[in-house]
Amino acid sequence: MLTRLEIDGFKTFEGLEVDLSPFTAVVGNNAAGKSNLFDVIQLLSNLASRDVAEAVKDMRGEPLELFRQTAKGRSTQIRLAAEVLVDPVVRDPWGSEVSITHTRMRYEVTLELRSIKPGVERIQVAREEVLPILRKDDHWADGIAPSKSFRTAYLKYARSKPWLTTDGLTFNIHQDGKQGRNQPRPASAAEATVLYGVTNAAEFPHLFALREEMRFWRLLQLDPVLLRKPAPATATDVLSADGSNLAAVLAQLKVETATSTQPDGVLSDIAAELNNLIAGVTKLDAQLHPASREYRIALTMRDGLPFSSRVVSDGTLRVLALLTLLHDPRHRGLICFEEPENGVHPARLRQLVQCLRDMVTVPGDEIPVDNPAPLSQLLVNSHSPVVLAALVDRERHPVTGSILFADTATVTDPEKKETRRRTRLRLVRQKSQPTLPGVDESPRSFVSDYEVQKVLETVEAED
C-alpha cells in the first residue's frame with residue numbers, strides 16, 4: 001500500500017509531498033497534472049521490475065520529457081520517494097514464503113540524465129535507499145485509526161537500520177535475515193535499480209517484499225476495443241492493465257468459485273451489481289469456445305437475449321472489468337484508474353463509487369490476524385463534478401477515504417529570477433482532521449469549503 005509520495009523534477013512536479021489513503025480520489029480540471037501523478041506511480045513500479053531504459057520506454061511522452069522543463073531549461077534529475085506498507089508475508093516465484101518483521105518502509109530513488117559522450121545521453125540511477133519507518137515517526141499510521149487486529153496483522157516495527165544505502169559511487173545492500181549479507185554494488189553508471197535485481201525472498205526478504213509491492217502497482221487503462229475481443233486459451237487469468245484478457249479472467253473465476261447452488265460462481269454476483277449500475281443485465285457468462293480455443297463473454301439482457309462483448313457499450317465493459325477486479329480473490333496491490341464516470345449514467349455514479357470503495361483494505365475494519373488478506377488500494381482521478389458530489393457529504397467533507405484537488409500554482413524564485421508553474425495537490429479536509437507532528441497544517445495545504453462548493457454548484461447548474 002502506497003501511503004506517501006514525494007516528487008521533484010518529474011514533469012509538472014516540484015517539491016510535491018502528498019499522503020494517500022487506501023481509497024484516494026484526485027479531482028481537477030484537464031491539464032492540472034492528475035495523470036502525471038499516475039505516471040509517477042507507474043514509473044516507480046516499472047523501476048522495480050525492469051531496467052531504466054525499459055521502465056521509461058512505455059511512459060506517456062519521450063523519456064527526456066519526463067524531466068521537468070521550465071523557461072530556464074530542463075532539469076537533469078528526478079527525485080522520488082515512496083512510503084509504503086508491505087504485506088506481512090511474501091512469496092517468491094519458487095514458492096519460498098517468508099514473514100516480514102518490519103512492514104513500514106521508505107524508498108528513495110534519484111534518476112539522473114547524463115551525457116555519456118557527445119550527442120549521447122542516458123538516464124541512470126544516481127541514488128537509491130530503502131529505510132525503515134519507525135513507529136514513533138509513523139504519522140500515517142496514527143492518522144488512519146487502525147483497528148487492533150489491523151495493527152497486529154500489518155503494522156510491524158522490528159528494524160531501525162536501513163536495508164539499502166548509497167555511499168558515493170557504491171550501493172550498499174545491508175544484511176537482512178539469517179541468510180542475508182552485506183553486498184556493495186557500483187553506482188557510477190547504474191542502468192537498473194538495485195531493487196530490480198532482488199529476486200530472492202529468503203536472502204533479502206524485506207527488499208523483495210518492497211519490490212513485490214511496487215511491482216503490483218498498476219495503471220488500469222481499459223481499452224474497449226480489446227475488452228470486446230475474445231481472449232486466447234493461453235491468456236493469463238490476472239486482469240491485464242488494458243483488460244484484453246477479461247474473458248479469460250471471468251472464465252477462471254467461474255470455475256474457481258462455482259458451487260452446486262451457484263454454478264456460475266461469482267459471475268452471478270458480478271451480473272447483479274452490473275445490473276444495479278447499468279440496468280437491464282440479468283446474466284453474465286464466460287466460456288471457452290471449443291473450435292477457436294478462445295474465451296468469450298456473453299451478457300443476457302432482461303428480454304432474455306444474449307449479447308456478446310462485441311456489441312456491448314464501452315461503459316458497460318469498463319464497469320464489468322472493474323467489478324471483475326472487485327470480486328477476484330487474487331486481487332492485490334494498488335490500482336490507478338482514470339475517469340470512472342465514463343460510460344456510467346450520473347444517477348448511478350454514487351453507487352459506482354461505493355463499489356470502488358469496496359475494493360480497498362479498510363484499516364478500521366476487524367481482520368483475521370492469522371491469515372490477513374493481501375493489501376488492496378485504489379486511486380481514481382476525475383474532472384467530473386458529479387464524481388465529487390458522490391464523494392462528499394452534505395457538509396462537503398469526504399464520505400470515506402481522501403479527496404485531493406489538483407491544480408497549478410505559480411512559484412516565484414527570486415534567487416534564479418524565475419517564475420514557474422507547478423502542479424499542487426491539496427486535501428479536502430475531513431470532519432475531524434487530526435493534527436499530526438511534522439504535517440503541514442497551513443490553510444494553503446487544504447481545499448476551502450468555498451472551493452468545494454463552487455465545483456459542486458456546476459452540477460446543480462447542469463441539472
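Start the tour by selecting helix 8 and helix 9, whose crossing is right-handed. Keep in mind as you go that this is a predicted model.

**Stop 1: helix 8 against helix 9**

Helix 8 covers residues 267-277 and helix 9 covers residues 314-327. Turn the view until you can follow both axes: they come within 10 Å and cross at roughly 135°. That angle makes helix 8 oblique to helix 9, because values from 115 to 145 degrees fall outside the perpendicular and antiparallel classes.

Now show side chains. On the helix 8 side, pick Asp 269, Ile 270, Glu 273, Leu 274 and Leu 277. Their partners in helix 9 are Thr 316, Val 319, Leu 320, Leu 323, Thr 324, Leu 326 and His 327. Colour this contact of helix 8 with helix 9 by residue class and you get seven nonpolar, three polar and two charged residues.

**Stop 2: helix 7 against helix 9**

Leave helix 9 on screen and add helix 7, residues 246-257. Here the axes come within 11 Å, with a crossing of roughly 40°. Helix 7 and helix 9 are therefore oblique to each other, and their crossing is left-handed.

From helix 7, select Leu 246, Val 249, Leu 250 and Leu 253; from helix 9, select Leu 317, Leu 320, Ala 321, Thr 324 and His 327. How many residues of this contact of helix 7 with helix 9 are charged? There are no charged ones: the set divides into seven nonpolar and two polar.

While you are here, click on Leu 320, Thr 324 and His 327 in helix 9. These residues meet helix 8 and also take part in the contact with helix 7.

**Stop 3: helix 8 against helix 10**

Go back to helix 8 and bring in helix 10, residues 349-357. The two axes come within 9 Å and cross at roughly 145°. Glu 273, Asn 276 and Leu 277 of helix 8 meet Gln 351, Leu 352 and Cys 355 of helix 10. By class, the contact of helix 8 with helix 10 holds three nonpolar, two polar and one charged residue. Glu 273 and Leu 277 are worth a label, as they meet helix 10 and helix 9.

**Stop 4: the cavity**

Finally, hide the helices and look for enclosed space. A search of the whole structure finds one cavity of 30 Å³ or more, with a volume of about 30 Å³. To see its lining, select Arg 228, Pro 230, Arg 296, Ile 297, Ser 308, Ser 309 and Arg 310. That lining divides into two nonpolar, two polar and three charged residues.

Note on methods
Residues are numbered from 1 along each chain as its sequence is written. This is a predicted model: local features need pLDDT of at least 70, side-chain atom pairs count only at pLDDT 80 or more; totals for chains, interfaces and linings use all residues. Side-chain values use heavy atoms; hydrogens and water are left out. Axes are lines fitted to C-alpha atoms, for helices over the stretch in contact, and angles run from 0 to 180 degrees between N-to-C directions. Helices (H or I, at least four residues) and strands (E, at least two) are DSSP runs, numbered from the N terminus. Angles under 35 degrees count as roughly parallel, over 145 as roughly antiparallel, 65 to 115 as roughly perpendicular and the rest as oblique. A crossing is left-handed if the near helix is turned anticlockwise from the far one by less than a right angle, and right-handed if clockwise. Contact means heavy atoms within 4.5 Å. Ala, Val, Leu, Ile, Met, Phe, Trp, Tyr, Cys and Pro count as nonpolar, Asp, Glu, Lys and Arg as charged, and the others, Gly among them, as polar. On a 1 Å grid over the protein atoms alone, a cavity is a set of points where a 1.4 Å probe fits but cannot get out, and a pocket is an open set with protein on both sides within 12 Å along at least five of seven lines; lining residues have an atom within 4 Å of a point. Grid points are joined across faces, edges and corners, and a volume is the space filled by probe spheres set on the points.
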